[in-house]
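Trainee: I would like to learn how to read a structure like this one. Could you walk me through it?

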Amino acid sequence: MPASRVVTKAVGEVLDMAPRRGEVSLNRLVSAVSVNRGRLIEIRMADLPAGVCGQWRQYADHDVFLVQNGLPTWERTLAHELGHLVLGHEGMPVTELARDVTEEAGDDLINYMLNQRTGCMGPSGEDAEQQAEDFAALLIYRLGRMPSDRSSLVQIRLGEAFG
Ligand SMILES: [Zn+2]
């Protein structure tokens, strides 16, 4: 099934943010999205509950993508979480709300986790999950088709991506 126009557009926008020179890897794309939004995105390996591949944690001032330790398909999970973020799944309203609160509450709440989305790859009845899956599949496909000196998807070592 072809990805929806919303997903195709989002993938195009993310690829447009890629550095014009040098190799384009998934973690570089995540950095580019981070710069574009003016919000830090951290990527971390973590021991998540069994059966969970990835998790997106939204804090007041940054985002964290957690990827299950030792997951062989970690690029796919990372791309999936990025998809949720750029497609705006459970993002802004909660963040805006908390920003107002933290102005009075101070530093303790600034680092308080606002929201999280936990999930795994695979068929899901939820539209947001299907969209994130389509985003991940298309992004990885298009990354793989970039000129070989620019795509480093297969060359990234885990230590580089998560160190
Ligand atoms: Zn998901």
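Mentor: Happily; we will go from confidence to overall layout, then to the metal site, the helices and the cores.

Trainee: Where do I start, and how confident is the predictor in this protein?

Mentor: Start with the fact that this is a predicted model. The average pLDDT of the protein is 77, and 68% of the residues score at least 70. Where pLDDT is low, the predicted coordinates should not be read in detail. Here, that caution applies to residues 91-97, where pLDDT stays under 50 and the model has eight contacts beyond four places in sequence. Residues 121-125 also stay under 50, again with eight such contacts.

Trainee: Thanks. How many helices and strands does the protein have, and in what order do they run?

Mentor: There are seven helices and four strands. From the N terminus on, the order is α-α-β-β-β-α-α-α-β-α-α. The chain has 163 residues, and 45% of them count as buried. For contacts between residues at least 6 apart in sequence, 63% join residues at least 24 apart.

Trainee: Now the metal. Which atoms coordinate the zinc ion?

Mentor: The donors are NE2 of H80, NE2 of H84 and two OE atoms of E129, at 2.1 to 2.6 Å. In sequence, the donor residues follow the spacing H-x3-H-x44-E. Since H84 lies in helix α3 and E129 in helix α6, this pair ties together parts that are 45 residues apart in sequence.

Trainee: Why is the arrangement of the four donor atoms called irregular?

Mentor: The general reference is simple: ideal angles at a metal are 109.5 degrees for four tetrahedral donors. In this site the four donor atoms subtend angles of 54 to 141°, and that range makes the arrangement irregular. To count as tetrahedral, all angles would have to lie between 85 and 135 degrees. Bear in mind that water is not among the atoms, so sites may look incomplete.

Trainee: Is H84 buried or exposed?

Mentor: H84 counts as buried because its relative accessibility is 1%. E129 is buried too. Leaving aside neighbours within four places in sequence, H84 is in contact with W56, H89, R117, A128, E129 and A132.

Trainee: How do I check a helix, say α2? Why does its span agree with expectation?

Mentor: Compare the end-to-end distance with the expected rise. The twelve residues of α2 should span 16 Å at 1.5 Å a residue, and the end C-alpha atoms are 17 Å apart, which agrees. Just after α2, G38 takes a positive phi of about 70°. Helix α1, residues 5-16, reaches 16 Å from its first C-alpha to its last, close to the 16 Å expected. Buried residues of α1 include V7, A10 and V11, and what covers the buried residues of this helix includes α2, α3 and α6.

Trainee: And which residues have the most contacts inside the largest nonpolar core?

Mentor: In soluble globular proteins, nonpolar side chains tend to be buried together. The largest nonpolar core here has 29 residues, and those with the most contacts inside it are L29, F65, L78, L82, F135 and L139. Elements giving two or more residues to this core are α1, α2, β1, β3, α3 and α6. A second, separate core of six residues includes L48, V52, V64 and L66.

Trainee: What is F65 in contact with?

Mentor: Setting aside neighbours within four places in sequence, the partners of F65 include V30, I41, I43, W56, L78, L82 and L85. E42, R44, Q55 and E81 are also among the contacts of F65.

Notes
Residues numbered from 1 in each chain as written. Predicted model: local features only at pLDDT ≥ 70, side-chain atom pairs only at ≥ 80, totals over all residues. Heavy atoms only, no water. pLDDT = per-residue confidence, 0-100. Contact = heavy atoms within 4.5 Å. Expected span 1.5 Å × (residues − 1). Buried < 20%, exposed > 50% of the residue type's maximum accessible area, 1.4 Å probe, protein only. Donors = N, O, S within 2.8 Å, 3.2 Å for Na, K, Ca; no water. Tetrahedral: all angles 85-135°; square planar, octahedral: opposite > 155°, others 65-115°. Core = buried A, V, L, I, M, F, W, Y, C linked by side-chain atoms within 4.5 Å.
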